[in-house]
Amino acid sequence: MSQQVFFIGPLGKVGGMTSGDSLKNLHLTRQLQKLSVNLKIIDTNYYRQSPWLAAKALSRIIMHRKGKFIVSASTMGAYKMLSFMKALHIKDVIYWVVGGDFPNLVHCNLVSVKPYANARTIIVEGRRMEETLRIAGLDNVTTLPNFKPIDFIPAKQPRVPGAPMKFVFLSRIDEDKGCGYINRAAELLNKKGMADKYTIDYYGAVADRYKKKFTEETNRLPNVEYKGFLNLLDKSNYEVLAGYDAMLFPTFFYGEGFAGIFIDAFIAGLPVIATDWSLNSEIVTDGETGIIVQNRSAEKLADAMECLIRHPEKAAEMGRKCQEQCRKYDTNQVVTPEFLKRLGLL
C-alpha cells in the first residue's frame, strides 16, 4: 500500500447545506480515494465547537510528522496549521487553497510568507492568484481550477417566444455577494416599464445581518422572489436550474475565489452576468459565456440584464457555449492521476 496521506480540512455534511469550501473538499477527497490515494481524513468542520478535536488532530500530526499532508482549510485556519507544521519541520505539505482571500492577505503583508514557503506545493484556483503570490516571493505555486463531478448535463428546453427572461441567483444571500445591487438593478428596470419582461429568483441561505433589508427590498419588487434552497447534490435539481436563462453574480466578497456556482451555471447552460472581481473574468469569457460588468454598479448590471432581456437569442447562444465548456471543470479532467503523480501522491 502507498504511503498514508493526511487530509486536513472541513468536509461538512453530504445531505444538507454546507459551505463551498466543505463541498470542494468533499469532491476532492472522494476523487483522491477513487484514484487510490491512501487517505486519512482529519475533518476540521466542528473544531470551534469541540476544542478537544483540534487537540486530537495536532497530536496526530506530531505523531506522523514524517508523513504527507494536504491542508485545505480557511485562510487563517490553514495559516495556523502551516505555521504549526513549519515549527515541527514538516515539509511534505500540500496547501490546497480554498477561497480567494489568501493572496490578498499575503500581498498586503497581513500574514507572513514563511509558513507558505515551507510547503512543498501551493495549489490556487486562478492565474491572478498565482501571479500575486509569485510577486510576493513564493515560487512553489501552481494553478488548478475549481472542479465538480459532472455526470449529468440537463437538456435546455426551447424558450417560449415572448416569455419573460428568467434570472437566477444561487449563493449565500448577502450584500457583499451583490444582492443589494441586483435589487437596485431590478428597480431601475421596473421603472423603465420592464417588470413583465423578466423575473429574478433567489436561492441560498440569507445572512442574518441582511434578512430584514433583503425582505424589505424584495417585497417592493413584484417580479423578484426568494425560493429557499436548491440542493445540487441532488442531480435532478440541475434540471430546475436549467429552466432559467441566465445567472446573476455581482459579487464583491473579499474571500471570493473560483466560486463553484460558475460550474453549476455552465452545467445548466446559464450565461453568468458577473462583476470584474477576483477570478470572475478568468472564468467567464465576456460576450461568450456571460457578461462581465463593473463592480458595485446597479446601472451597469441593469444594462447587462436589459441586453439579454431584449436579445434572448444571445442568452441562448451563450448558454450553449457554457454547456460545451463545462466538462473542463469535471473532477476527472482536473484532478487527474498525472497531476497527483506530480504532487507525489501516487
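A residue counts as buried when its relative accessible area is under 20%, as exposed when that area is over 50%, and as partly exposed in between. Keep these cut-offs at hand for the exercises below, which all use a predicted model.

**Exercise 1. Describe the open sheet: in what order do its six strands lie, and which are the edge strands?**

Step 1. Start with the order, which is β2-β1-β3-β4-β5-β6, with parallel pairing.

Step 2. Now look for strands that pair on one side only: these edge strands are β2 (39-43) and β6 (141-143).

Step 3. Finally, add the twist. Neighbouring strands of this sheet are turned against each other by 20° on average, direction ignored.

A reminder that helps here: strands of a sheet pair through backbone hydrogen bonds, either parallel or antiparallel.

**Exercise 2. Find the partners of β1: how many bridges join it to β2, and how many to β3?**

Step 1. Take the β2 side. Strand β1 covers residues 5-9 and pairs with β2 in the parallel sense over five bridges. Along this border, Ile8 has Ile42 as its bridge partner, and Phe7 stands opposite Ile41.

Step 2. Take the β3 side. Strand β3 (residues 68-71) runs parallel to β1 and is joined to it by four bridges. Here the bridge partner of Phe6 is Phe69.

**Exercise 3. Decide whether the faces of β1 are covered or open.**

Step 1. Recall a general pattern: in a regular strand the side chains alternate between the two faces of the sheet.

Step 2. Sort the residues of β1 by side. Val5, Phe7 and Gly9 lie on one side, and Phe6 and Ile8 on the other.

Step 3. Check each group for burial. Every residue in both groups is buried, so both faces of β1 are covered. The count agrees, with five of its five residues buried.

**Exercise 4. Compare two salt bridges: which parts of the chain does each pair tie together?**

Step 1. Set the scene: the whole structure holds 19 salt bridges.

Step 2. Take Glu125 and Lys24, whose closest N and O atoms are 2.7 Å apart. Glu125 lies in the loop between β5 (121-124) and α6 (127-135), and Lys24 in helix α1 (residues 20-34), so the pair ties together parts that are 101 residues apart in sequence. Apply the cut-offs: Glu125 is buried at 5% relative accessible area, and Lys24 is buried at 6%.

Step 3. Take Lys235 and Asp151, whose closest N and O atoms are 3.9 Å apart. Lys235 sits in the loop between β9 (224-226) and α9 (237-242), and Asp151 in the loop between β6 and β7 (165-170), so this pair ties together parts that are 84 residues apart in sequence. Lys235 is partly exposed at 30%, whereas Asp151 is exposed at 58%.

**Exercise 5. Which residues are linked with Arg172 in a network of salt bridges?**

Step 1. Begin with one pair: Asp174 forms a salt bridge with Arg172, with the closest N and O atoms 3.0 Å apart.

Step 2. Widen the view. Arg172, Asp174, Asp176 and Arg209 are linked in a network.

Step 3. Classify the first pair. Asp174 is buried at 3%, while Arg172 is partly exposed at 29%.

**Exercise 6. What lines the largest cavity?**

Step 1. Note the volume: about 30 Å³ of space lies in this cavity.

Step 2. Look at the lining, which includes Tyr181, Pro250, Thr275 and Arg296.

Step 3. Sort the lining by class: four residues are nonpolar, four are polar and one is charged.

Methods. Residues numbered from 1 in each chain as written. Predicted model: local features only at pLDDT ≥ 70, side-chain atom pairs only at ≥ 80, totals over all residues. Heavy atoms only, no water. Pairing = 2+ DSSP bridges. Axes fitted to C-alpha atoms, helices over the stretch in contact; angles between N-to-C directions. 1 Å grid on protein atoms, 1.4 Å probe; cavity = no way out; pocket = protein on both sides within 12 Å on 5 of 7 lines; lining within 4 Å. Points joined across faces, edges and corners; volume = space filled by probe spheres on them. Nonpolar A, V, L, I, M, F, W, Y, C, P; charged D, E, K, R; others polar. Salt bridge = Lys/Arg side-chain N within 4 Å of Asp/Glu carboxyl O. Buried < 20%, exposed > 50% of the residue type's maximum accessible area, 1.4 Å probe, protein only.
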